[in-house]
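Colleague: Before I plan anything at the bench, could we go through this model together, a few questions at a time?

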Amino acid sequence: MAFGRSSRTKPFVEPVTLKILVAGGFGVGKTTLVGAVSEIRPLRTEEVLTEAGRPVDDLHGVETKTTTTVAMDFGRITLREDLVLYLFGTPGQDRFWFLWDELAQGALGAIVLADTRRLEDSFAAIDYFERRGIPFTVAVNCFEGAQRFPAESVRGALDLDPEVELLMCDARDRESVKNVLVAVVQHALVLADRSPAAVTT
Amino acid sequence: MSDEAERSRREPGPTPGHHHWFDDEAGPVVRPYAMTRGRTSAATRHRLDLIAVVVPEPAADDPGRDQTLSPEHVEIVERCSEQPQSIAELAAGLDLPVGVVRVLVGDLVEDELVHVTRPVPPAELPDVSILREVINGLRAL
């Protein structure tokens with residue numbers, strides 16, 4: 001079978017690929033955040049869940065369906081030709097937790113995007129990353145019209161460990177999102193420096 | 001919603017010649033896993049990560065190769081020949097579920113038409129020097 005393009009002059013650069021997860025409740029702005037820094041319009045990838053080999057108990061509320069589709073939005077940042085960072089928005093619905101395990105595997109860190117009007121929506125994500133030792137940063141998306149709270153009271157409400165950073169951000173703003181990403185990677189760096197083994201448990 | 005319900009009450013059964021159940025909501029007419037001949041896991045030993053990059057092998061340029069490849073296989077090779085792509089990008093570009101793309105890429109790996117880069121090994125973080133490069137890269141954006 002001919003695939004065209006037979007004269008390739010140089011071999012492909014095989015990039016190192018990394019991923020950062022973007023978690024948070026439904027409608028908190030995960031895809032907006034991804035879109036603010038991604039060089040591509042956020043793409044949507046889907047996983048069809050079938051009855052075979054899937055924890056069907058998790059499909060609570062859709063028992064009559066034999067298949068269902070979970071969408072994950074993602075974006076890409078090419079830092080260098082040989083270094084590419086992917087951002088994955090995690091499925092917002094709690095019943096798809098098992099998909100997170102796959103997404104989280106090998107992730108260098110995570111952003112938990114929070115909305116002060118619905119802080120409880122971010123508890124599950126924070127708990128998830130804490131338990132798995134995945135470095136994460138909480139970014140409070142400052143929605144227009146939402147009351148601003150001092151960072152300290154938000155920290156308290158979320159019961160964050162002192163070393164977890166909490167930032168105010170605007171998910172639509174590229175510079176703001178860049179700052180959040182740098183904070184995540186810096187946190188990962190601190191953990192990796194301290195003890196490479198501790199973060200794998 | 002309620003409009004729809006009303007309409008179906010008024011018109012019991014499908015209108016002849018109008019297959020209105022084959023709309024977007026019904027999904028593709030060919031069920032996704034038909035393209036993998038029912039297989040849900042790939043021939044390759046490792047589950048391919050979403051950010052594993054698919055890179056064509058020189059054999060992919062060879063005309064008159066494997067005639068048993070499906071159009072989807074061919075399209076994956078063609079897309080990667082322009083620019084190596086991750087599993088997630090292929091799935092989005094081909095509008096196929098990730099699981100289907102994994103199986104198809106697994107076939108291509110078996111046929112030695114492509115190889116797949118392994119991202120950071122599971123349960124390990126990238127090393128410190130890469131993290132520093134990521135920070136520098138992000139700041140320079």
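What follows is a conversation about a predicted model, taken topic by topic.

Colleague: In what order do the strands of the three-stranded open sheet of chain B lie?

Modeller: The pairing in this sheet of chain B is antiparallel, and its edge strands, each paired on one side only, are strand 2 (85–86) and strand 3 (114–116). Strand 1 (residues 53–56) is joined to strand 3 of chain B by three bridges, with Val55(B) standing opposite His115(B) of strand 3. The order of the open sheet is therefore 2-1-3.

Colleague: What angle does the direction of helix 4 of chain B make with that of strand 3 of chain B?

Modeller: Helix 2 (residues 71–82) of chain B packs on the sheet and touches strand 1, strand 2 and strand 3, its direction lying at about 90° to that of strand 1 of chain B. Helix 4 of chain B also packs on the sheet, where it touches strand 1 and strand 3, and its direction makes with that of strand 3 an angle of about 115°.

Colleague: Is Arg102(B) buried or exposed?

Modeller: Arg102(B) belongs to helix 4 (residues 98–110) of chain B, and its C-alpha atom is separated by 8.8 Å from that of Ala91(B), eleven residues away along the chain. There are 25 C-beta neighbours inside 10 Å of Arg102(B), and because 20 or more are needed for this class, the residue counts as buried.

Colleague: What is the phi of Asp95(B), and where does the residue lie?

Modeller: Most residues other than glycine have a negative phi. Asp95(B), which sits in the loop between helix 3 (87–94) and helix 4 of chain B, is exposed, with 11 other C-beta atoms within 10 Å. Although Asp95(B) is not a glycine, its phi is positive, at about 55°.

Colleague: Is Asp159(A) buried or exposed?

Modeller: Asp159(A) is placed in the loop between helix 4 (151–158) and strand 7 (166–169) of chain A, and its phi is positive, near 55°. Because Asp159(A) has 10 C-beta neighbours inside 10 Å, it counts as exposed.

Colleague: How do helix 5 of chain A and helix 5 of chain B run relative to each other?

Modeller: Helix 5 (residues 174–194) of chain A and helix 5 (residues 128–140) of chain B pack with their axes 9 Å apart, at an angle of about 165°. Since angles over 145 degrees fall in this class, the two helices are roughly antiparallel.

Colleague: How do the residues of that contact between helix 5 of chain A and helix 5 of chain B divide?

Modeller: The residues that meet include Leu181(A) and Val185(A) from chain A, and Leu131(B) and Ile135(B) from chain B. The residues of this contact divide into eleven nonpolar, one polar and four charged.

Definitions and conventions: Residues numbered from 1 in each chain as written. Chains lettered and ligands numbered in written order. Predicted model: local features only at pLDDT ≥ 70, side-chain atom pairs only at ≥ 80, totals over all residues. Helix = DSSP H or I, 4+ residues; strand = E, 2+ residues; numbered from the N terminus. Buried ≥ 20, exposed ≤ 12 C-beta atoms within 10 Å, placed from the backbone. Pairing = 2+ DSSP bridges. Contact = placed C-beta atoms within 7 Å. Axes fitted to C-alpha atoms, helices over the stretch in contact; angles between N-to-C directions. Parallel < 35°, antiparallel > 145°, perpendicular 65-115°, else oblique. Nonpolar A, V, L, I, M, F, W, Y, C, P; charged D, E, K, R; others polar.
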